[in-house]
There are 2 protein chains.
Amino acid sequence: MAKNALPVTRAENFANWYQEVIKAADMAEHSGVRGCMVIKPWGYKIWERIQRLLDNRIQETGHDNCYFPLFIPLSLIQKEASHVEGFAKEMAVVTHHRLVMEEGQLKPAAPLEEPLVVRPTSETMIGEAFARWIESYRDLPLKLNQWANVVRWEMRPRLFLRTSEFLWQEGHTAHATAEDAMDETKTMLEVYRQVVEDMMRIPLIPGEKSPGERFPGAVETHTIEAMMQDGRALQAGTSHYLGQNFAKAANIAFQDETGQQKLVHTTSWGASTRLVGGLIMTHSDDDGLRLPPIIAPHQIVILPIIRDESARGPVMEACQKLAGQLGQQRFAGEPVRAFVDTREDSAANKRWAWIKKGVPIICEIGPRDLENGTLALFRRDLAPNEKSFPKQEDLVAQAAAYLGEIDQALFDQANAFRKAQSRDDITDFADLKAHFAGENKTGFVRAKWCGDPGSEGGLDEFGVTIRCIPHEQSGTAGKCVLTGKDATTDVILAKAY
Amino acid sequence: MAKNALPVTRAENFANWYQEVIKAADMAEHSGVRGCMVIKPWGYKIWERIQRLLDNRIQETGHDNCYFPLFIPLSLIQKEASHVEGFAKEMAVVTHHRLVMEEGQLKPAAPLEEPLVVRPTSETMIGEAFARWIESYRDLPLKLNQWANVVRWEMRPRLFLRTSEFLWQEGHTAHATAEDAMDETKTMLEVYRQVVEDMMRIPLIPGEKSPGERFPGAVETHTIEAMMQDGRALQAGTSHYLGQNFAKAANIAFQDETGQQKLVHTTSWGASTRLVGGLIMTHSDDDGLRLPPIIAPHQIVILPIIRDESARGPVMEACQKLAGQLGQQRFAGEPVRAFVDTREDSAANKRWAWIKKGVPIICEIGPRDLENGTLALFRRDLAPNEKSFPKQEDLVAQAAAYLGEIDQALFDQANAFRKAQSRDDITDFADLKAHFAGENKTGFVRAKWCGDPGSEGGLDEFGVTIRCIPHEQSGTAGKCVLTGKDATTDVILAKAY
């Protein structure tokens, strides 16, 4: 049996494997502060790629970036009742603004008149500003976004997936009509789908959340749901139609064309560093991370093979020349990102380091390649010892084609996995329960649901939730898998992160 | 006398004028949270430009971005004594991680075992990670940077200049030798100088801080000092050589080539949203903001002049075509940023809005320009009613030249102002005191200083500090302006923000 680069495989222990992928790629680690992580350079570069791609689309759809305060006064967060209920259990609270040294020990001093919470999300803060800024229909739509850190106190942290502090973008918009706000909600879900599915190559099911899974304060929550390689679902981004709930709470009113005072309709939508966790759990294998080319900070890493010092100069030169030529090529609308790793270490060590970091293509150029104009090429979508020996000029000419193939291969593999782990032939509750009974019984089940309030309760017992009501409905009739009633609505059921 | 766009002039009340520039350009405002600001889209776009330019240079000089937690445990921040002393009075302290509703009022619940401070800066947090990561000389230098929010409790907030929460980058590096760390300290000061002086066009004096003005825990602090239009100094960025102070506190040790255990030498350096305040106070005039072209989010704004609806189509088309052609031109290594303002409003209103927002060039194209291929051109470095009528094709061909002229004009004006407000002929304390006596007596004084500890104390009385010991020294001998002793060191004295 082939030995893998990681000390544990997905099949042996998925949770440990996940940690080992992150460690082997040197992406992040837990910090000394409970629930908070340190994002190391390779993990942060991946996040910066996601940020850039998402930010481009947020701008293209007419949103402006801005920045609101980290702290929210208690009186403000209290204004929307279901919102505060949803977040109260996990809020970091600032109560003092000074430290004093007493008996060799630092102690909080100077209590605040009103405690502040560290934002878990900014609807209340931004709603208060919207109320001041919006006067007339001419001020609408108001479409803002911010890139920020947020804090939701976390008792069982997992790197990227669940951390007390995480990085995200949160969009907040106000509209004159419910229809405009619903359009916005859907538009931004589609923006998330484009980045996560078309660029990060994570197959998605876009849909609406059932009432039990809605964002606290939302009228509708829309989501993109992905399947991880342990068959569990990951909510990869959400877009909320908030109706007039926050408009009422903060009194965000405008004068319409006829002079009437009306409340606005608002939306909010967010995607976070959790996406990095989803990327890892969708594509990685037992040798480490695998990065879709559009996300990879380096798409092609070039390793100079120097067995004798006299060849160092020419080999280095050939590597740099190749990197330069690759940088002139374009893939997915951007210059190809090629990188020459000149560190002093063995070729095998360096190759394995980049395999574990998930780089799509690794090339090696040694003295013998100089005459022939060749190189050794390793693709991250193939077995690690599988190599080909194209001409350097052919790699340059076909760089985009190679990257395109890898991009497609990763998506196809993820799709095939999801298909194999999905069922749509379960029609009653007993079968559903049997399907999911046991810690490792996972996967997606597409079944019918009657939509009755409270009908979801029975799922708690075996740790399953309705992940979403897919936007793409089959339109067939059947029996509700929860109640046995007649039903026409398809839902996706799964265990989730 | 000409009427200005702002309700108050620099001469009438500089502090109010500053607020009015920000308001007229719609850049930022105070939030409901004491000391915290909301950065609005135009202000944030300017910050994003500064970020991009600075981040490029941080990467080019071999630093990796990463992200460390927002919260620092008290036990960690306590480790470096002078550091904690320097920041204790202004720290936001998190003491609880839950809220409960009691008698209709939210209250903090679930006290933390150990309180956390919201980072005022991250030396202690990052030092703790460095101690884990660094083992051998092969791990050095370690050069990291993060873009983050930090909190220093502020009793007298001013937008951008002094806010309880602000955005910044903080670089943190570790080196094998003092020499390497000093080189890094100087390199990063030069990076700041390049961005702030060469791109933001703020004339600077780079130098070293006197002991009384050092960063808490630093061995040397280097600074770039700018003069605002009220004659006060603004510290625009600092770079610290920390020696082995933080290495000792966190035990950041490495094995050198000979197998010996040694402590590393560290540096840190930061620049913040305060730079936006410096930009405003250097370049703006009584009509509002003026932006140096490299910083301007839009460099050229094009206004369609539509007096009769039949001309709308062709005028809009001409404007869009011009914007497209301008976007093909390059200035300072980037495509020219042209923007067509299609909002429904009078041409005069729109022009004044962009004047107040500081856009370098405004063009108007109306129906009569269609035949002649002309436009009306307004430059922000000239009087607001001064216009020329170049051909559209000439503007395209000379876009970079126009922007270059404006860039130079803003720098020349700022330089001339600083020169007029600087003196180097004050040689004794009585004259120095007389020069600065009174609230509005400002400007830079270059004088000799003996370097005696405690000699700076007398300056408190009239609100002056030694801003820096300029790196460029005259090399002449004279008498210390503070003590009358023989002295050869030049210092810059000023009142400061």
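# Exercises with worked solutions

B:D26 sits in the loop between α1 (14–24) and β1 (28–30) of chain B. The model is predicted. The exercises below start from this residue.

## Exercise 1. Backbone at B:D26 and A:A110

Task: determine the sign of phi at B:D26 and state whether the residue is buried, partly exposed or exposed. Then treat A:A110 likewise.

Solution.
- Step 1. Phi of B:D26 is about 55°, a positive value, and the residue is not a glycine.
- Step 2. The relative accessible area of B:D26 is 32%. The partly exposed class lies between the limits of 20% and 50%, so B:D26 is partly exposed.
- Step 3. A:A110 also has a positive phi, near 55°, and is a residue other than glycine.
- Step 4. A:A110 belongs to strand β6 (residues 105–118) of chain A, whereas B:D26 belongs to a loop.
- Step 5. With a relative accessible area of 22%, A:A110 is partly exposed.

## Exercise 2. Cis peptide bonds

Task: locate the cis peptide bond that involves A:P141 and the one that involves B:P141.

Solution.
- Step 1. In chain A, the cis bond joins A:L140 and A:P141, with omega about -5°.
- Step 2. A:P141 lies in the loop between α5 (123–133) and β7 (142–151) of chain A.
- Step 3. In chain B, the cis bond joins B:L140 and B:P141, and omega is about -5°.
- Step 4. B:P141 is placed in the loop between α5 (123–133) and β7 (142–151) of chain B.

## Exercise 3. The contact between chain B and chain A

Task: describe the interface by residue count, buried area and polar pairs.

Solution.
- Step 1. Chain B contributes 60 residues and chain A contributes 60 residues.
- Step 2. About 5,200 Å² is buried between the two chains, and carbon and sulfur atoms give 65% of this area.
- Step 3. There are 29 residue pairs in polar contact across the interface. On the side of chain B that touches chain A, 38 residues are nonpolar, 10 are polar and 12 are charged.
- Step 4. The salt bridges between chain B and chain A number 4. One salt bridge pairs B:R132 with A:E29, whose closest N and O atoms are 2.2 Å apart.
- Step 5. B:R132 and A:E29 are also members of a salt-bridge network that includes A:D26, A:K40 and B:E128.
- Step 6. Strand β5 (residues 93–102) of chain A and strand β5 (residues 93–102) of chain B run antiparallel and are joined by 3 bridges. In β5(B), B:V94 is the bridge partner of A:V94.

## Exercise 4. The surroundings of A:S31

Task: state which backbone atoms the side chain of A:S31 meets and which residues A:S31 touches.

Solution.
- Step 1. A:S31 is in the loop between β1 (28–30) and β2 (37–39) of chain A.
- Step 2. A polar side-chain atom of A:S31 lies 3.0 Å from the backbone nitrogen of A:V33.
- Step 3. A polar side-chain atom of A:S31 lies 2.9 Å from the backbone oxygen of A:C36.
- Step 4. Leaving out residues up to four places away in sequence, A:S31 touches A:C36, A:M37, A:V38, B:P69 and B:M125.
- Step 5. The relative accessible area of A:S31 is 14%. The limit for buried is under 20%, so A:S31 is buried.

## Exercise 5. Salt bridges and burial

Task: out of the 67 salt bridges over all chains, take A:K448 with A:D490, B:R312 with B:E309, and B:E334 with B:R337, and classify each partner by accessibility.

Solution.
- Step 1. A:K448 and A:D490 form a salt bridge at 2.5 Å, N to O. A:K448 is in strand β23 (residues 444–449) and A:D490 in strand β27 (residues 489–494) of chain A, so the pair ties together parts 42 residues apart in sequence.
- Step 2. A:K448 is buried at 11% relative accessibility, and A:D490 is buried at 3%.
- Step 3. The closest N and O atoms of B:R312 and B:E309 are 2.6 Å apart. B:R312 is partly exposed at 23%, while B:E309 is exposed at 53%.
- Step 4. For B:E334 and B:R337, the closest N and O atoms are 3.7 Å apart. The salt-bridge cut-off is within 4 Å, so the pair qualifies.
- Step 5. B:E334 is partly exposed at 24%, and B:R337 is buried at 17%.

## Exercise 6. Helix α8 of chain B

Task: count the buried residues in helix α8 (residues 274–283) of chain B.

Solution.
- Step 1. The buried residues include B:R274, B:L275, B:V276, B:G277 and B:G278.
- Step 2. B:L279, B:I280, B:M281, B:T282 and B:H283 are buried as well.
- Step 3. The count is 10 of its 10 residues.

Methods: Residues are numbered from 1 along each chain as its sequence is written. Chains are lettered from A and ligands numbered from 1 in the order in which they are written. This is a predicted model: local features need pLDDT of at least 70, side-chain atom pairs count only at pLDDT 80 or more; totals for chains, interfaces and linings use all residues. Side-chain values use heavy atoms; hydrogens and water are left out. Contact means heavy atoms within 4.5 Å. Buried area is the accessible area (1.4 Å probe) that two parts lose on being put together, summed over both. A salt bridge is a side-chain nitrogen of Lys or Arg within 4 Å of a carboxyl oxygen of Asp or Glu. A polar contact is a pair of N or O atoms within 3.5 Å; within protein, one must be able to donate a hydrogen and the other to accept it, and residues adjacent in sequence count only if both atoms are side-chain atoms. Ala, Val, Leu, Ile, Met, Phe, Trp, Tyr, Cys and Pro count as nonpolar, Asp, Glu, Lys and Arg as charged, and the others, Gly among them, as polar. Two strands pair if DSSP finds at least two bridges between them. Helices (H or I, at least four residues) and strands (E, at least two) are DSSP runs, numbered from the N terminus. Buried means under 20% relative accessible area, exposed over 50%, partly exposed in between (1.4 Å probe, protein chains only).
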